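Here is a briefing on charged side-chain pairs and on the surroundings of a ligand. Please keep the structure open while reading.

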Amino acid sequence: MTCPLLRVDGIEVRYQRSIVGVSDISLTVMAGSITAILGTNGAGKTTTLRAISGFIGLDSARVTKGQITYQGERIDSSVPHEIARLGIAIVPEREKIFPNLTVAENILVSKAAHGRRTHQGGGGQDIYALFPRLAEMKGRLAGLLSGGERQMLAIASALSCNPSLLLIDELSLGLAPVVVEDLAQQILNIRDALNLSILVVEQSAHLALEMSDFAYVFENGRVALAGRSADLARDPSVQALYLGTSHSRHQNADLAQQVERP
Ligand SMILES: Nc1ncnc2c1ncn2[C@@H]1O[C@H](COP(=O)(O)OP(=O)(O)OP(=O)(O)O)[C@@H](O)[C@H]1O
Ligand SMILES: [Mg+2]
């Protein structure tokens with residue numbers, strides 16, 4: 001956790017030249033850290049991850065202000081395969097696996113799509129050693145996996161490309177709490193094993209702040225709060241707004257509207 005790996009500096013993203021997806025997002029991912037993004041529906045979390053990975057181009061969107069640099073190199077005008085080659089992989093919010101392929105085929109397809117890599121992080125790792133549960137299910141159709149197993153497969157597929165930076169959009173969406181705990185623990189283990197850097201979008205403030213080193217709270221396309229996760233978890237305003245006894249998305253959405261702008 002020494003130097004910035006990724007820097008997002010004041011980006012604005014517009015869809016179809018006019019619709020503003022995010023208006024002013026800045027964030028940093030330090031090497032070897034886990035950085036979490038929290039925020040209500042439509043706050044711009046997916047837009048930001050897709051801007052970093054280059055996939056916004058597929059949504060007729062582009063970065064219209066600011067810049068994104070990865071290991072000192074500008075990437076905000078790069079296309080997805082160029083960004084993937086630099087070592088950034090994404091687990092998307094939806095359509096993260098091929099349901100009609102087996103577990104093993106999913107991982108092979110992902111590996112083949114990105115070719116051989118030489119940069120750090122996961123190089124030469126046996127993906128099944130990291131995910132023993134998936135090893136037991138190699139021949140099973142991915143469409144038959146449970147939600148937690150699918151997410152694990154999506155993460156394993158992304159890691160099979162040996163990324164240095166893993167982006168995960170909605171880690172726990174639709175998963176039972178016990179599954180989420182297990183998944184979060186696995187991610188911490190993998191980060192340690194691979195010295196991976198992770199930028200994760202997570203709807204549960206509790207989980208996000210617990211598993212990350214740094215966190216950003218997005219609101220209406222801007223960063224409303226940012227800091228060390230441990231500090232944010234102790235912050236009374238965060239406790240009141242995001243860490244209340246109930247923290248469903250809709251309740252968070254209502255509460256978040258009360259957060260003061262920086
Ligand atoms: N393909 C698109 N075309 C036009 N506008 C879009 C598109 N995708 C997202 N937007 C808009 O950009 C803004 C940010 O959306 P985004 O999906 O990034 O939010 P989010 O924080 O990921 O929300 P959620 O929690 O619901 O996943 C929203 O106003 C949304 O309507
Ligand atoms: Mg989203």
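In this predicted model, Asp192 and Arg191 form a salt bridge, with their closest N and O atoms 3.0 Å apart. The partners differ in exposure: Asp192 is exposed at 54% relative accessible area, whereas Arg191 is buried at 13%. The salt-bridge count comes to 10.

**Salt bridges between distant parts of the chain**

- Asp24 and Arg222 meet through their side chains in a salt bridge, at 3.9 Å from N to O.
- This pair links distant parts of the chain, 198 residues apart: Asp24 sits in strand β2 (residues 19-30) and Arg222 in strand β10 (residues 222-228).
- Asp24 is partly exposed, because its relative accessibility of 34% falls between the 20% and 50% cut-offs.
- Arg222 is also partly exposed, with a relative accessible area of 39%.
- Glu149 pairs with Arg133 in another salt bridge, and their closest N and O atoms are 3.0 Å apart.
- Here the link runs between two helices: Glu149 belongs to α6 (residues 147-159) and Arg133 to α5 (residues 132-135), 16 residues apart.
- Glu149 has 12% relative accessibility, so it counts as buried, the limit being under 20%.
- Its partner Arg133 is partly exposed, at 36% relative accessible area.

**A salt-bridge network**

- Which residues are linked in a network of salt bridges? They are Glu12, Arg14 and Lys65.

**Contacts of ligand 1**

- The shell around ligand 1 holds 14 residues, of which Gly42, Lys45, Thr46, Thr47 and Glu93 come nearest.
- Backbone contact is made at Gly42, where a polar backbone atom is 2.8 Å from an oxygen atom of ligand 1.
- Ala43 also places a polar backbone atom by a ligand oxygen, at 3.2 Å.
- Glu93 uses its side chain instead: one of its polar atoms lies 2.8 Å from an oxygen atom of ligand 1.
- How much of ligand 1 does the protein bury? Taken alone, ligand 1 exposes 640 Å², and the protein buries 68% of that.

**Make-up of the ligand shell**

- Two elements, β2 and α1 (45-53), each give two or more residues to the shell around ligand 1.
- Helix α1 supplies the largest share, three residues.
- By class, the shell has seven polar, four charged and three nonpolar residues.
- Strand β2 thus appears under two topics: Asp24 of the salt bridge with Arg222 lies in β2, and β2 also contributes to the shell around ligand 1.

Terms used
Residues are numbered from 1 along each chain as its sequence is written. Chains are lettered from A and ligands numbered from 1 in the order in which they are written. This is a predicted model: local features need pLDDT of at least 70, side-chain atom pairs count only at pLDDT 80 or more; totals for chains, interfaces and linings use all residues. Side-chain values use heavy atoms; hydrogens and water are left out. A salt bridge is a side-chain nitrogen of Lys or Arg within 4 Å of a carboxyl oxygen of Asp or Glu. Helices (H or I, at least four residues) and strands (E, at least two) are DSSP runs, numbered from the N terminus. Buried means under 20% relative accessible area, exposed over 50%, partly exposed in between (1.4 Å probe, protein chains only). A residue is near a molecule or strand if one of its heavy atoms lies within 4 Å of it. A polar contact is a pair of N or O atoms within 3.5 Å; within protein, one must be able to donate a hydrogen and the other to accept it, and residues adjacent in sequence count only if both atoms are side-chain atoms. Accessible areas come from the Shrake-Rupley method with a 1.4 Å probe; for residues, only the protein chains shown count as cover. Ala, Val, Leu, Ile, Met, Phe, Trp, Tyr, Cys and Pro count as nonpolar, Asp, Glu, Lys and Arg as charged, and the others, Gly among them, as polar.
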